[in-house]
Amino acid sequence: MHELGIAASILESVQSEALRHPGGRITKVGVKIGELCGVDRDALQFGFEVLVKDTEWEPVVLDLEYIPRVQRCSKCAHQFRMTDFDPQCPQCGEFLTDCIGGEELDIAYMEVDE
Ligand SMILES: [Zn+2]
């Protein structure tokens, strides 16, 4: 299961961040998930809860932020939300547009109780 592997790597990041805050406690971890990653948010949330259950990490809240796919036109630099797998620029009709958002899979922030 793809999502369980991601949940495990998020937990690893939480654990290494915790080492840098001795005496502190991580309460929340925010993760950005791009549309193109094909990650099922519910499955990821569930996988994380399963991983931390009955461990010292159980109180950590996973906050998932969904990043939609965004294209930028190579001709007029217009940025738009891509829908229906149609990369055409809605402003000038150009087909050559670049993906500039939606591939993220990053830790956005962590909240630490000092
Ligand atoms: Zn354009």
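Glu114 sits out in the open: its relative accessible area is 70%, so it counts as exposed. Keep in mind that this is a predicted model. The briefing starts at Glu114, moves on to the salt bridges, and ends with the zinc site and the cysteines.

**Around Glu114**

- Glu114 belongs to the segment that comes after β6 (105–113).
- Leaving aside residues up to four places away in sequence, Glu114 touches His21, Gly23 and Gly24.
- With His21, the side chain of Glu114 makes a polar contact of 3.1 Å.
- Those two residues are 93 apart along the chain, yet their C-alpha atoms are separated by 7.6 Å.

**Salt bridges**

- Searching the whole structure turns up 5 salt bridges, and three of them are worth walking through here.
- Asp113 and Arg25 pair up through their side chains, with an N to O distance of 3.8 Å.
- Asp113 is in strand β6 and Arg25 is in strand β1 (residues 25–34), so this bridge ties together parts of the chain 88 residues apart in sequence.
- As for exposure, Asp113 has a relative accessible area of 41%, which makes it partly exposed, and Arg25 is partly exposed too, at 43%.
- Glu35 bridges to Arg81, and the closest N and O atoms of that pair are 3.1 Å apart.
- This pair also links distant parts of the chain, 46 residues apart: Glu35 is in the loop between β1 and α2 (41–52), while Arg81 is in strand β4 (residues 79–81).
- Glu35 is partly exposed, with 29% relative accessible area, and Arg81 is partly exposed at 41%.
- Lys75 and Glu94 meet through their side chains at 3.9 Å, N to O.
- Here two loops are involved: Lys75 lies in the one between β3 (70–73) and β4, and Glu94 in the one between β4 and β5 (97–101), so the bridge ties together parts 19 residues apart in sequence.
- Lys75 itself is exposed, with a relative accessible area of 62%.

**The zinc site**

- Four cysteines supply the protein donors of the zinc ion: the SG atoms of Cys73, Cys76, Cys89 and Cys92, lying 2.3 Å from the metal.
- Along the chain, the donors of the zinc ion follow the spacing C-x2-C-x12-C-x2-C.
- Why does the arrangement around the zinc ion count as tetrahedral? The 4 donor atoms subtend angles of 106 to 113 degrees, and the cut-off for four donors is that all angles lie between 85 and 135 degrees.
- Accessibility varies among these donors: Cys89 is buried, with a relative accessible area of just 3%, whereas Cys92 comes out partly exposed at 36%.
- Cys76 is partly exposed as well, with a relative accessible area of 31%.

**Cysteines and disulfides**

- How many disulfides are there? The count comes to 0.
- Cys99, for one, is in no disulfide, and the nearest cysteine sulfur, that of Cys37, is 10.0 Å away.
- For a sense of scale, a disulfide calls for a pair of cysteine sulfur atoms within 2.5 Å.
- Cys99 is partly exposed, with a relative accessible area of 28%.

Key:
Residues are numbered from 1 along each chain as its sequence is written. This is a predicted model: local features need pLDDT of at least 70, side-chain atom pairs count only at pLDDT 80 or more; totals for chains, interfaces and linings use all residues. Side-chain values use heavy atoms; hydrogens and water are left out. Donors are N, O and S atoms within 2.8 Å of the metal (3.2 Å for Na, K and Ca); water is not among the atoms, so sites may look incomplete. Four donors count as tetrahedral if all angles lie between 85 and 135 degrees; four count as square planar and six as octahedral if opposite donors are over 155 degrees apart and all others between 65 and 115; anything else is irregular. Buried means under 20% relative accessible area, exposed over 50%, partly exposed in between (1.4 Å probe, protein chains only). Helices (H or I, at least four residues) and strands (E, at least two) are DSSP runs, numbered from the N terminus. Contact means heavy atoms within 4.5 Å. A polar contact is a pair of N or O atoms within 3.5 Å; within protein, one must be able to donate a hydrogen and the other to accept it, and residues adjacent in sequence count only if both atoms are side-chain atoms. A salt bridge is a side-chain nitrogen of Lys or Arg within 4 Å of a carboxyl oxygen of Asp or Glu.
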